[in-house]
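Here are a few exercises on helix packing and burial, each followed by a worked solution. Keep the viewer open and try each task before reading on.

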Amino acid sequence: MVCHGFGDLLTQQADSDSGGLIKLARRMAGGVFIVTMLGQGLGFGLQLLLARSMDVDDYGVYIYVFSWLMVLVIGVVLGQPQVLLRFVAGYRAENKPGELRGLIAFSHRLVAVTSVVISVSVVAGVLLLGRTDSELGMSILVACAVLPLISLKNIQMAIAHSLRRVVLAKGMDEVAVRGGQGLLFLGLWAVFDRVPLPHETLALLGAASLFSGLYVGWAWRRGLGSEVLSGTRVLHHTMWLKTGLALLVVDGLNMLLNRTDVLLLGLLRDTTDAGTYAVSSRLAALTLLGFLVIQSSVLPMLAERFALGEMGALQRLVRWTARMSAALSLALGLGLILLGDFLLGIFGVEFQARVPALLVLTVGQMLNAFTGPTGVLLWVTGREQILAKLLGASLLINLLLNLWWIPLFGVVGAAYATVVAYTAWNVVAVFVIRRQMGINSLPLRWFDLPELKQ
């Protein structure tokens, strides 16, 4: 069966209340780990395929436009994936199917309209500037067509995720999209007997995203059943939109924080440096693979526990998440440090020169994993304004340090700037969460509040 019905989900929730939260989290994490590992392998293989087959300059154009595309996706979805993850889980726990139906319909309509408006606006700008005769201009135009497909796909994934169909959502998002784009790339190469250009590769990304979004949407609708989806809708437009806009700021800041080094390298150096550095950044991100797997598995349960006011259960889930994440990130980080030169060498000599940046980024990711699920705890408990302030300050630090250190130290300077900015906000968030919620996000008990140490 692809997805549980609404009644089955409530029964599953009751089972978790009886003391099986950690057991359920472990079971979900196991499935997510498998699909995530497969997705990461496919992602690594896809990047290797593109980097080794495309011209270095073409690969740089693809990475550069892709980075901006991901930034635009944040603007299109208006924070709705996070709204769905928070409220659908809460409505399910509180048995409010009317609100569930209303939120799903509202999110779809909002994202559909916004995606068209933004895409048309960017296309108009490119046409007015007369940049369609270059590969960069063509890639931007194609990215505008792909933008609505990726945005609506993200909505489908968020709904499935919030209904605890984490394996389905992660599998289709990471395995189907990456694997599908790779297969289409090889197919296009075989048919036309030439390596696809950057704008063609972006079009293939759109095709894979369309298929994945349609399948996941069919799956969760089939699981919920027509009797749930066809009932009366209870609408809270103002609250959902206001919360979404706040989370849009958070998501946008986080995305910009993730992409600042690549984007500024492209502006201050060239797209080739940006492309080769992006591979190092992607490899370093594998350090947080275990963290992301565990976090994805427990996220719906964190939202449910908070909605029900069960802070003790919330603390247990957070500590388990922090301990598992720290252990896995330490192991993966050490592996990357030892094998970094070999892994980058697979991509080519130009990429192997980025080993110092990979080492800096990897150590930074290991430090951040130790702070626990700080960002998720803040937004899932309605503290998105605090999270936005922390991310905003971190982004400012990241921008200033990149502008300062890239001209002085080049690619390694971008890596150091990113690590300093990320570590700063995560450390501050640990203290904020402890003071405001009484929750210790670290894996060790010594930072617990005195009343929790009993």
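**Exercise 1.** Work out how α2 and α9 are oriented to each other, and which residues bring them together.

*Solution.* Start with the geometry of this predicted model: the axes of α2 and α9 cross at roughly 165° and come within 9 Å. Angles over 145 degrees count as roughly antiparallel, so α2 and α9 are roughly antiparallel to each other. Next comes the hand, and the crossing of α2 and α9 is left-handed. Now look at the residues: on the α2 side they are I63, Y64, F66, S67, W68, M70, V71, I74 and G75. Facing them in α9 are L248, D251, G252, M255, L256, R259, V262, L263, G266 and L267. Sorted by type, the residues of this contact between α2 and α9 give 13 nonpolar, four polar and two charged.

**Exercise 2.** Zoom in on L263: is this residue buried or exposed, and which residues does it touch beyond its sequence neighbours?

*Solution.* First place the residue: L263 belongs to helix α9. Its relative accessibility is 7%, and the limit for burial is under 20%, so L263 counts as buried. Then set aside the neighbours within four places in sequence; L263 is in contact with Y64, S67 and W68. These three also appear among the α2 residues that meet α9. For a sense of distance, take G79: L263 and G79 are 184 residues apart in sequence, and their C-alpha atoms are 22 Å apart in space.

**Exercise 3.** Describe how α4 packs against α2 and against α9.

*Solution.* Take α2 (residues 56-77) with α4: the packing angle is about 135°, and the axes are 8 Å apart. That makes α2 oblique to α4. The crossing of α2 and α4 is right-handed. Here L72, G75, V76 and V77 of α2 meet V111, T114, S115, I118 and V122 of α4. This contact of α2 with α4 holds six nonpolar, three polar and no charged residues.

Now turn to α4 (residues 97-129) with α9 (residues 237-268), which pack at an angle of about 55° with axes 11 Å apart. α4 and α9 are therefore oblique to each other, and their crossing is right-handed. From α4, the residues E99, G102, L103, F106, R109 and L110 meet H237, W240 and L241 of α9. The contact of α4 with α9 divides into five nonpolar, two polar and two charged residues.

**Exercise 4.** Check whether K153 is buried or exposed, and list its contacts beyond its sequence neighbours.

*Solution.* K153 sits in helix α5 (residues 135-162). With a relative accessible area of 7%, K153 is buried. Leaving aside neighbours within four places in sequence, K153 is in contact with D173, V177, S209, S212 and G213.

**Exercise 5.** Compare the expected span of α14 with the distance between its end C-alpha atoms, then find what covers its buried residues.

*Solution.* Helix α14 (residues 355-370) has 16 residues, which at 1.5 Å a residue should span 22 Å. The end C-alpha atoms of α14 are 23 Å apart, which agrees. Now the burial: the buried residues of α14 are V355, A357, L358, V360, L361, T362, G364, Q365, M366, N368 and A369. Their cover includes α10 (271-285), α12 (311-347), α13 (349-352) and α17 (411-437). Finally, step just past α14: G372 takes a positive phi of about 85°.

Conventions. Residues numbered from 1 in each chain as written. Predicted model: local features only at pLDDT ≥ 70, side-chain atom pairs only at ≥ 80, totals over all residues. Heavy atoms only, no water. Axes fitted to C-alpha atoms, helices over the stretch in contact; angles between N-to-C directions. Helix = DSSP H or I, 4+ residues; strand = E, 2+ residues; numbered from the N terminus. Parallel < 35°, antiparallel > 145°, perpendicular 65-115°, else oblique. Left-handed = near helix turned anticlockwise from the far one by under 90°. Contact = heavy atoms within 4.5 Å. Nonpolar A, V, L, I, M, F, W, Y, C, P; charged D, E, K, R; others polar. Expected span 1.5 Å × (residues − 1). Buried < 20%, exposed > 50% of the residue type's maximum accessible area, 1.4 Å probe, protein only.
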